[in-house]
Amino acid sequence: MRGPVREPPAPSRLRLVLPARPENIALVRGAVEAAAEESGLPRALVSDLRLAVTEACTNVVRHAYAGEGDLEVVLELTDRATRMVVEDQGCGIGFSPDRAGPGLGFPLIAALVTELDIQPGQTCGSRLSMSFAAPPIEAA
């Protein structure tokens, strides 16, 4: 006899626009985690989302703006895909000027996602789009 089957996550969307300040990274991370957990995503995927959004937002805070600016995060959860976009309207996400090459953030994000796309933003800045493997439907 089979047990009950866990339903796929209900489609949902979270959009946050906050000033690109270090203290707001924790707010974004917490909101992404809460939305993912509420949608019933597996704990491992929730952890990957937390880490990826932390790395992407940290890059925006460190590199996108010389002064004030906003950070936008969109999380889309469906039964087929989990997608997150981090966007800035500054000079774009980039590499640390105090290093000879890229840091560990982008390679770490790339290891967590199934698809990673970095594009210029709509008017300026950068748009980092991350897709994560759809979670398997498991028996409860």
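**Entry 1. Helix α1 against helix α2**

I began with the contact of two helices, taking contact to mean heavy atoms within 4.5 Å: from α1, the residues Pro22, Ile25, Val28, Arg29, Val32, Glu33, Ala36 and Glu37 meet Arg43, Val46, Leu49, Arg50, Val53, Thr54, Cys57, Thr58 and Val61 of α2. By class, I find ten nonpolar, two polar and five charged residues in the contact of α1 with α2. For these classes, Ala, Val, Leu, Ile, Met, Phe, Trp, Tyr, Cys and Pro count as nonpolar, Asp, Glu, Lys and Arg as charged, and the others, Gly among them, as polar.

I note that the model is predicted, so that local features need pLDDT of at least 70 and side-chain atom pairs count only at pLDDT 80 or more, while totals for chains, interfaces and linings use all residues. Residues are numbered from 1 along each chain as its sequence is written, and side-chain values use heavy atoms, with hydrogens and water left out.

I then looked up the geometry. Two packed helices are described by the angle between their axes and the distance between the axes. Helix α1 spans residues 22-38, and its axis comes within 9 Å of that of α2, with a crossing of roughly 155°. The two helices, α1 and α2, are therefore roughly antiparallel, a term for angles over 145 degrees (under 35 is roughly parallel, 65 to 115 roughly perpendicular, the rest oblique). Axes here are lines fitted to C-alpha atoms, for helices over the stretch in contact, and angles run from 0 to 180 degrees between N-to-C directions. I record the crossing of α1 and α2 as right-handed; that is, the near helix is turned clockwise from the far one by less than a right angle, whereas anticlockwise would be left-handed.

**Entry 2. Helix α2 against helix α3**

I turned to the other helix pair. Helix α2 covers residues 43-63 and helix α3 residues 105-112; their axes come within 9 Å and cross at roughly 155°. I therefore enter α2 and α3 as roughly antiparallel to each other. The crossing of α2 and α3 is left-handed. On the α2 side I list Asp48, Leu51, Ala52, Glu55, Ala56 and Asn59, which meet Gly105, Phe106, Leu108, Ile109 and Leu112 of α3. The contact of α2 with α3 holds seven nonpolar, two polar and two charged residues.

**Entry 3. Single residues**

Is Leu49 buried or exposed? Leu49, in helix α2, is buried, with a relative accessible area of 0%; the cut-offs are under 20% for buried, over 50% for exposed and in between for partly exposed (1.4 Å probe, protein chains only). Setting aside residues up to four places away in sequence, I find Leu49 touching Val32, Ala36, Leu41, Leu75, Thr82, Met84 and Phe132. Leu49 and Val32 are 17 residues apart along the chain, with their C-alpha atoms separated by 7.3 Å.

Arg43, also placed in helix α2, is partly exposed at a relative accessible area of 46%. Not counting residues up to four places away in sequence, Arg43 touches Glu33 and Glu37. From Arg43 to Glu33 I read 9.6 Å, C-alpha to C-alpha, across ten residues of sequence.

Ala31 belongs to helix α1 and counts as partly exposed, at 23% relative accessibility. Its contacts, not counting residues up to four places away in sequence, are Leu14 and Leu16. Ala31 and Arg15 are 16 residues apart in sequence and 9.6 Å apart, C-alpha to C-alpha.

Gly67 sits in the loop between α2 and β2 (70-77) and, at 52% relative accessibility, counts as exposed. Ala20 lies 47 residues from Gly67 in sequence and 9.3 Å from Gly67 in space, C-alpha to C-alpha.

**Entry 4. The protein as a whole**

I closed with the overall layout. The protein has three helices and five strands, in the sequence pattern β-α-α-β-β-α-β-β; helices (H or I, at least four residues) and strands (E, at least two) are DSSP runs, numbered from the N terminus. Of the 140 residues, 41% are buried. Among contacts with a separation of 6 or more, 68% come from residues 24 or more positions apart. I enter an accessible surface of about 7,800 Å², of which 54% belongs to carbon and sulfur atoms, by the Shrake-Rupley method with a 1.4 Å probe; for residues, only the protein chains shown count as cover.
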